[in-house]
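Q: Please take a close look at the salt bridges of this model, and at one cluster of them in particular. I would like the surroundings of the participating side chains to be described as well.

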Amino acid sequence: MAKAKTTAKSPRKSAGKTTNKAGKRAKKTNKKASSSWGRKIWSLTWKLTLIAFAAVTFYAIYLDQIIARKFEGQKWHLPAQVFSRSMALYPGAAVNHPQLMAELKMLGYRKVANPRQVGEFSASKTRIELWRRAFLHPEGNQAEQRVMISFDEQGIDSVKRMSDKRELAVFHLEPVLLDRMIATGDEDRLFVSTINMPQTIIDALILIEDRSFFEHHGVNPTAIARAAMVNISAGRTVQGGSTLTQQLAKNFFLSSQRSLVRKAREALMALIIDFRYSKDEILEAYLNEVYMGQDKARGVHGMGLASQFYFGRPIAELTVDQQAFLVAVIKGPSYYNPWRYPERARERRDLVLRILMENDKLTVAQYKAAAGSPLGLRSAKRSVHKKLPAFFAMVKQELNERFGESLLKRSGIKVYTTLDPMAQEAAEKAVVSTLAELDKRTKDVQVGMVVTDKYTGGVAAMVGDKQPSFDGFNRAAHIRRPIGSLVKPFVYASALAEPQQYTLASLVDDKPITLKNGQGQTWSPKNVTKEFSGQVPLLTAFKDSMNVPTVNVGIGVGVDAVATTLIKAGWSEEVPTYPSMLLGAVNGSPLMVAQVYQTVADGGRFRRLISVTSVLDENNTPLKAKRPRSELAIAPATDHLVQYAMHQVVRSGTAKRLGRAFPNTRLAGKTGTSNDSRDSWFAGFDERNVAAIWVGQDDNSKTGLYGSSGAMAVYQAFLKNRPPLSLRLSPPSGIVNGYFEVATGQAKQADCGEVVMLPAIAESYQPAANCGEPLSWWQKLLGQD
């Protein structure tokens, strides 16, 4: 029995032991499971960390490549800069004192009692002392230079360097930056290297935007934490923690969208930029990238362009207060727009000045002087870029023809043109004022005007519409209208080229004439007066623009000869060779007329008119291009006679109203009117410029305007805006003063009765001995001829 009890109890003990063992096993299993999960989580964590690290690394490498392409390649597409002509000053140059004063004012030079720095000049009645800026010229860099310019009645008398009193052969003023031709996008900038950036701008930028710029590595955690605390405290974003490098990364590569992802990317890019590039490189990129305002559709980027946009001056010439303003406006160009919110802008500027003073970058006296200064903005009416649609169209066409269509797509090119800003301004004012008056008499009249530089053979001004800034149909280049009497000087040039047959005194027939064309049709030209004089001197026929004598002269020398003269002078289209061409049945434009009259004004030398003188590439290396050819179209002696006759047109002929307006100035001109007064023309020149003007209606209807009442009125207004220089009319070799009998036009000696003195080609001037009378016995005895 005892044995049985023992046997009965053992299973319970056995079960307890089993349960304990199972618990221990369960605990061990749980520990193992927990340990396994920990190892799995740890394994997953470090794997994910490794993947994330790899992803960030690869992403950083990707960003690094993007950044490298931007920084080490072409950071920006710099628009093509288009410059005006560079005014050349030299002894004998046709530049008078008022013109140079106006040029210096336009260029932003400051008139002072005694020039002490670059950008200043002083003036007396006969001299101008100038301290010229340094600038890039197509022929090479021009250093800053101080000179004394003296004037006489003809123009420039001398140009002397002040340092050693040496007289200079030629001295250039810097050209005007007319505009930048933006081929892609809508960003506009003017690159300025850090070396040429005023130190005050750099100091102010660092103090205002990123004080630890030179210490941090692209990101400033302290600034971020500080900004976060301020923003949390304010309940809104009132302070940013971005460094200059982060701002640059955002401006270069990212959008302005606010998100954590974008901020993280910005920070990573800033770290890469700071690691890869020097602080100076980063600073230069920022100073030329930062958004500074909006010029209508164009975004103004960089300090260089902002200086021109706000002050109309190069950044090197800005005053301390103006430099401070440029840094001040970075925070919000719209909010601190100085034209709309001047007080707000001034307060922000003064804050920048005060911070500069507090950090010993300005003295107290400098701070007070700067803070007390006005903003000194350019006039809001004066655009930072010129609106020259007609001229720029010619420039683009010429660039395409000479350099290829892809030129303007290249970054950083510089185009130097022939435009004279003063002539352009005078032409625009003349067109606007005169067309407003003409519109009172004849509605909807339009205009095309071209002004050339007599000495360079370049287009100095061009207006294609009565609203000069209108970018549409360019009447200066694209109309084709009968030029009327403007063809007559070339008829007479053809005749005077035959000196044995024609002189200015030659009598020509003014009698009814009827001509037949090849189809048997008849044509009977008439004078404007409907009267005939029998015979008139050639000069009278010229200056009074008589039709019938002109046709007789043209028939005498041959229509083909006249057409040849016109083509040699530069007429670029076909010239019809029928008699009515002699009175202007030739269709042309003001640009075509300016071309042939430029030849007359230039002593008979033909040079194709140009609008572009030089092009420099992004490295400031001149691009090669063929120069326009030059050849003699009209013999100089013949041309002198034509110029003399055109001067008589202004003195006492159809343009005598112009002569009365400028009684002490020698001018040359020719009026022209097409049939039924549909087209009013004028072409003329002084010692400096040639002008060709058309006034009419686009639908070719009658205007009731003659050449003298329409187009010449525009020219007269042009000369009032731009006082003319008197023609020198120096006779070339082969010209003599001849004496001609008034009644017969025959060559005589000075004391032979009623004679008139006129210039003549020497070989044709053979006056008869003894006034054409037989010698008396005592004359024969004395051996007189």
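A: The following account begins with the chain as a whole, turns to the salt bridges, and ends with the internal cavity and two backbone details.

The model is a predicted one. Its protein chain contains 23 helices and 32 strands, and 51% of the 785 residues are buried. Among the contacts with a separation of 6 or more, 67% are made by residues 24 or more positions apart. The surface that the chain exposes comes to about 38300 Å², of which carbon and sulfur atoms supply 53%.

Across the whole structure, a search finds 32 salt bridges. One of them joins E317 to R133, with 1.9 Å between the closest N and O atoms. E317 sits in the loop between α8 (303–311) and α9 (320–328), while R133 sits in the loop between β5 (127–132) and β6 (135–137), so this pair ties together parts that are 184 residues apart in sequence. Neither partner reaches the 20% of relative accessible area below which a residue is called buried: E317 has 11% and is therefore buried, and R133 has 7% and is likewise buried.

The pair also belongs to a wider arrangement, since R110, E120, R133, E174 and E317 are linked in a network of salt bridges. Within that network, the link between E317 and R133 is the one whose N and O distance, 1.9 Å, is given here.

Two further salt bridges can be set beside this cluster. The side chains of D350 and R349 meet at 2.9 Å, taken from N to O; D350 is buried, with a relative accessible area of 17%, and R349 also counts as buried, at 1%. The side chains of R605 and D602 form a salt bridge at 3.1 Å, again from N to O. Here the two partners fall into separate classes of accessibility, because R605, with a relative accessible area of 33%, is partly exposed, whereas D602, with 15%, is buried.

Charged side chains are absent from another part of the interior, namely the lining of the largest cavity, whose residues divide into eight nonpolar, two polar and no charged. The structure holds one cavity of 30 Å³ or more, and about 40 Å³ of space lies in the largest cavity. Its lining is made up of L496, P499, Y502, T503, L504, L641, P759, A760, I761 and S764. Strand β32 (residues 755–761) contributes three residues, the largest share of that lining.

Finally, two residues deserve a check of their backbone angles. K530, although it is not a glycine, has a positive phi of about 65°, and its place is in the loop between β21 (522–523) and β22 (534–537). With a relative accessibility of 60%, K530 counts as exposed. N700, also a residue other than glycine, has a positive phi near 65°, and is found in the loop between β29 (689–696) and α22 (711–721). At 32% relative accessibility, N700 counts as partly exposed.

Definitions and conventions. Residues are numbered from 1 along each chain as its sequence is written. This is a predicted model: local features need pLDDT of at least 70, side-chain atom pairs count only at pLDDT 80 or more; totals for chains, interfaces and linings use all residues. Side-chain values use heavy atoms; hydrogens and water are left out. Helices (H or I, at least four residues) and strands (E, at least two) are DSSP runs, numbered from the N terminus. Buried means under 20% relative accessible area, exposed over 50%, partly exposed in between (1.4 Å probe, protein chains only). On a 1 Å grid over the protein atoms alone, a cavity is a set of points where a 1.4 Å probe fits but cannot get out, and a pocket is an open set with protein on both sides within 12 Å along at least five of seven lines; lining residues have an atom within 4 Å of a point. Grid points are joined across faces, edges and corners, and a volume is the space filled by probe spheres set on the points. Ala, Val, Leu, Ile, Met, Phe, Trp, Tyr, Cys and Pro count as nonpolar, Asp, Glu, Lys and Arg as charged, and the others, Gly among them, as polar. A salt bridge is a side-chain nitrogen of Lys or Arg within 4 Å of a carboxyl oxygen of Asp or Glu. Contact means heavy atoms within 4.5 Å. Accessible areas come from the Shrake-Rupley method with a 1.4 Å probe; for residues, only the protein chains shown count as cover.
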